[in-house]
Amino acid sequence: MSDQAVAEYRIEDLAHHSGATVRTIRAYQDRGLLPKPERRGRSNVYRDTHLARLRQIADLLDRGYTLASIKELLEAWDAGRGLGGVLGLVAEVHGPWTDEEADRISRSELNERFGGRPDDDAVGEACELGVLERIPGRPDEFLVPSPQELAVASELYAAGVPLVAITGHLRELRGQVEHIASRFLEFTTEHVFARYLGHVPPTDTDAAEAAAMVRRLRPLAQQTVDAELARAMRLLATRHLQQHLGAAGAAQPSGPTPVALPAGTVRAVQELVGPDHVAEFIRAATEREIQARTMNELVGRGGR
């Protein structure tokens, strides 16, 4: 790199400063993601604009964008439409969706919370699931993205649930929750965000409005799931308890209980009123009997 006011880089220097490989830089040039360098004699010269573009690409890749979508964004930028609003929307969506803060845990503390002895297989599965994250250069310490999730696993283990059952349950639960999240995103995209996504990529104004809407709607998914989970747990846990306690501990049904009449009684009623009027006759007779007993009870009280 020269000492001029405007920095200049050879491709090897650009790779060093950007973190990309020489091969990747050339591939980006071939795909139109990176402007062509200035040709000076037999050498290519890159500038700070190339370095900034490489860092933009790396940031968007980290956020999950494909190279094709990144190319559309960068072409919009080069056409003068700007990336400020779009990158603001990207940052809003990519930001934390919970107030929970990550924590760290040592390997010894982890062992103590889960049986008191090392279990490399369990740790490996926890890392695969993202419950734990390894910290480069610190083999005896882990990042815990969700301390609440780890605390739940610890409580379940203390209650007697095997680790293999806990991880299996988490895998199943994660798939179901991801389905709920997908449905919520489809729902809000159709009814809320479609109006902001008429252009690809959206304009700065539309992207800024969409980012503000994300901030407003961010807590709604969790609030809805919390309320519905509480309702379902109350309903199903009560039903589950009744089933396990058996008939003696189960609550009595609140609706009417069917009564089987003797066959001879039913035949006598049929002969009296005909088969089409059996139910009506029995209902009228029952009501008459109830009324008679009520009157007898009232008369009895009056004579005391």
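# Briefing on a predicted protein model

Among contacts in the protein between residues at least 6 apart in sequence, 56% join residues at least 24 apart. The structure is a predicted model. Its secondary structure consists of twelve helices and six strands. Of the 304 residues in the protein, 24% are buried. The exposed area is about 21,400 Å², and carbon and sulfur atoms supply 55% of that area.

**The sheet of β1, β3 and β2**

- Three strands form an open sheet in the order β1-β3-β2, and their pairing is antiparallel. Strands β1 and β2 are the edge strands, each of them pairing on one side only.
- Strands of a sheet pair through backbone hydrogen bonds, in either a parallel or an antiparallel manner.
- Strand β1 covers residues 8–9 and strand β3 covers residues 43–47; two bridges link them in the antiparallel sense. Within this pairing, E8 is placed opposite R47 of β3.
- Strand β2, residues 38–40, is joined to β3 by three bridges, again in the antiparallel sense. R39 has N44 of β3 as its bridge partner, while R40 is partnered by S43 of β3.
- β2 and β3 together make a hairpin with two residues between the strands. G41 lies in the turn of this hairpin and has a positive phi of about 65°.
- Helix α3, residues 48–62, lies across β1 and β3 and runs at about 70° to β3.

**I25, a buried residue of helix α2**

- I25 belongs to helix α2, which spans residues 22–30.
- The relative accessible area of I25 is 0%, so I25 is buried, the limit for that class being under 20%.
- Leaving out residues up to four places away in sequence, I25 touches I11, L14, A15, S18, A20, L34, Y46 and L54.
- One of these residues, L54, is 29 residues from I25 along the chain, and the C-alpha atoms of the two are separated by 8.1 Å.

**The sheet of β4, β6 and β5**

- A further open sheet of three strands has the order β4-β6-β5, with antiparallel pairing. Strands β4 (103–106) and β5 (133–135) stand at the edges with a single partner strand each, so one side of each has no neighbour in the sheet. On average, neighbouring strands of this sheet are turned by 40° against each other, with direction ignored.
- Strand β6 comprises residues 138–144 and is joined to β5 by three bridges, the two strands running antiparallel. In this pairing, I135 stands opposite R138 of β6.
- P139 is also found in strand β6. With a relative accessibility of 63%, P139 counts as exposed because the class begins at values over 50%.
- P139 and S106 are 33 residues apart in sequence, and their C-alpha atoms are 9.1 Å apart in space.
- In a regular strand, side chains alternate between the two faces of the sheet.

**N111, a buried residue of helix α6**

- N111 is located in helix α6, which covers residues 107–113.
- The relative accessible area of N111 is 15%, so this residue is classed as buried, under the limit of 20%.
- Apart from neighbours within four places in sequence, N111 is in contact with G116, R117 and P118.

**A nonpolar patch on the surface**

- I180, V225, L229 and M233 make a nonpolar surface patch of about 360 Å².
- Helix α10, residues 204–245, gives the most to this nonpolar patch, contributing three residues.
- V225 lies in helix α10. At a relative accessible area of 35%, V225 is partly exposed, because the value is neither under 20% nor over 50%.

Key. Residues numbered from 1 in each chain as written. Predicted model: local features only at pLDDT ≥ 70, side-chain atom pairs only at ≥ 80, totals over all residues. Heavy atoms only, no water. Pairing = 2+ DSSP bridges. Helix = DSSP H or I, 4+ residues; strand = E, 2+ residues; numbered from the N terminus. Patch = residues over 30% accessible without salt bridge, like charges linked within 9 Å, V, L, I, M, F, W, Y side chains within 5 Å. Areas by Shrake-Rupley, 256 points an atom, 1.4 Å probe, with all protein chains shown as cover. Salt bridge = Lys/Arg side-chain N within 4 Å of Asp/Glu carboxyl O. Buried < 20%, exposed > 50% of the residue type's maximum accessible area, 1.4 Å probe, protein only. Contact = heavy atoms within 4.5 Å. Axes fitted to C-alpha atoms, helices over the stretch in contact; angles between N-to-C directions.
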